[in-house]
Amino acid sequence: MKKYLLMLLAACAVGFSSCSDDEGETKVMPLLDPNNTDITMTAMGGTKAITVKNAVELNITSINDRTGNKGTVSNEYSIKNGKLKDSKNVTEAGWFTAEVMKVDGVYKKIVFTVIPNTSTEASRDKYIHVTCGGNLYGLSVHLMQEKAAKPSDSSDKK
């Protein structure tokens, strides 16, 4: 019995000593308020914000469309390709702006301002990719806007 107990202890010692964090920096999940990366706006537009509570510094790195099951990217505006001019104030999208703002002296809030959608045929959506600084994972925020309601036919109201 003693022999089996010693073998079990030796196996545990080997198991615990082989686990190491020396392989690199551990990534941390961003803490969001509200806790959702999908932002839906009505056709009327308006303003909504998302705050990353544990952000070191938010920077918008790209905006794009994503289509298909595999997430094919198109219409990309990014810092990398030079089409996105400012990582703190995005105006290139046409129907929305995204401004990174300070909270308690740290850039940790993004305010989205969306203009009204007058199209009764199509909703709008974009993906906004954000770095959070430090050892935090990045974010992909999906901004969606509903299409406008079709005008009601006045002849139906008799």
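A polar contact here is a pair of N or O atoms within 3.5 Å; inside the protein, one of the two must be able to donate a hydrogen and the other to accept it, and residues adjacent in sequence count only if both atoms are side-chain atoms. Keep that in mind for several of the views below, and remember that the model is predicted.

**View 1. The whole protein, before zooming in.** Let's start with the cast: one helix and 10 strands. Reading from the N terminus, the helix comes before the strands, in the run α-β-β-β-β-β-β-β-β-β-β. Of the 158 residues, 28% are buried. The accessible surface adds up to about 10600 Å², and carbon and sulfur atoms hold 54% of that. Take the contacts with a separation of 6 or more: 57% of them are between residues 24 or more positions apart.

**View 2. An open sheet built from five strands.** If you trace across this sheet, you meet the strands in the order 1-3-8-7-6, with antiparallel pairing. Strand 1 (32-33) and strand 6 (89-90) sit at the edges, each pairing on one side only. Now look at how strand 3 is held. Strand 3 (residues 46-52) runs antiparallel to strand 1, and two bridges join them; in one spot to look for, Leu-32 has Val-52 as its bridge partner in strand 3. Strand 3 is also joined to strand 8, again antiparallel, by six bridges. There, Thr-51 has Lys-109 of strand 8 as its bridge partner.

**View 3. Ser-87, a loop residue tucked out of sight.** You'll find Ser-87 in the loop between strand 5 (72-78) and strand 6. Is Ser-87 buried or exposed? Its relative accessibility is 19%, and the cut-off for buried is under 20%, so Ser-87 counts as buried. The side chain of Ser-87 makes a polar contact with the side chain of Asn-59, at 2.9 Å. Asn-59 turns up again among the residues that Ser-87 touches, along with Ile-60, Ile-79 and Val-100, once residues up to four places away in sequence are set aside.

**View 4. Three rings in one cluster.** Trp-95, Phe-96 and Phe-112 make up one aromatic cluster. How many aromatic pairs are there in the count? The count comes to two. In one of them, the rings of Trp-95 and Phe-96 have centres 5.0 Å apart and planes at 70°, so this pair is edge-to-face. The other arrangement to look at is Phe-96 with Phe-112, a tilted pair with 6.4 Å from centre to centre and 55° between the planes. Phe-96 belongs to strand 7 (residues 96-103) and Phe-112 to strand 8 (residues 106-114), so the pair ties together parts that are 16 residues apart in sequence. As for cover, Trp-95 and Phe-96 are both buried, and Phe-112 is buried too.

**View 5. A lysine sitting over a tyrosine ring.** Here's a quick one: Lys-88 lies over the face of Tyr-107. The distance to the ring centre is 4.3 Å.

**View 6. Lys-126, a lysine on the inside.** Lys-126 is part of strand 9 (residues 124-131). Why does Lys-126 count as buried? Its relative accessibility is 11%, and buried means under 20%, so Lys-126 falls on the buried side. Which side chain does the Lys-126 side chain meet in a polar contact? The partner is Asp-65, at 2.8 Å. Asp-65 is also one of the residues that Lys-126 touches beyond its sequence neighbours up to four places away; the others are Asn-64, Asn-75, Trp-95, Phe-96, Val-141, His-142 and Leu-143. Two names there may ring a bell: Trp-95 and Phe-96 also belong to the aromatic cluster of View 4.

**View 7. His-129, further along the strand.** His-129 lies in strand 9 as well. The His-129 side chain makes a polar contact with the side chain of Ser-140, at 3.3 Å. Leaving out neighbours within four places in sequence, His-129 is in contact with Leu-139 and Ser-140, and also with Asn-59, Ile-60, Thr-61, Ser-62 and Asn-64. Asn-59 and Ile-60 are familiar from View 3, where Ser-87 touches them. One last thing to spot is another histidine, His-142: it comes 13 residues away from His-129 along the chain, and the two C-alpha atoms are separated by 8.9 Å.

Notes
Residues are numbered from 1 along each chain as its sequence is written. This is a predicted model: local features need pLDDT of at least 70, side-chain atom pairs count only at pLDDT 80 or more; totals for chains, interfaces and linings use all residues. Side-chain values use heavy atoms; hydrogens and water are left out. Two strands pair if DSSP finds at least two bridges between them. Helices (H or I, at least four residues) and strands (E, at least two) are DSSP runs, numbered from the N terminus. Buried means under 20% relative accessible area, exposed over 50%, partly exposed in between (1.4 Å probe, protein chains only). Contact means heavy atoms within 4.5 Å. Rings of Phe, Tyr and Trp (its six-membered ring) pair if their centres lie within 6.5 Å; planes under 30 degrees apart count as stacked, over 60 as edge-to-face and the rest as tilted. A charge sits over a ring if NZ of Lys or CZ of Arg is within 6 Å of the ring centre and within 35 degrees of the ring normal. Accessible areas come from the Shrake-Rupley method with a 1.4 Å probe; for residues, only the protein chains shown count as cover.
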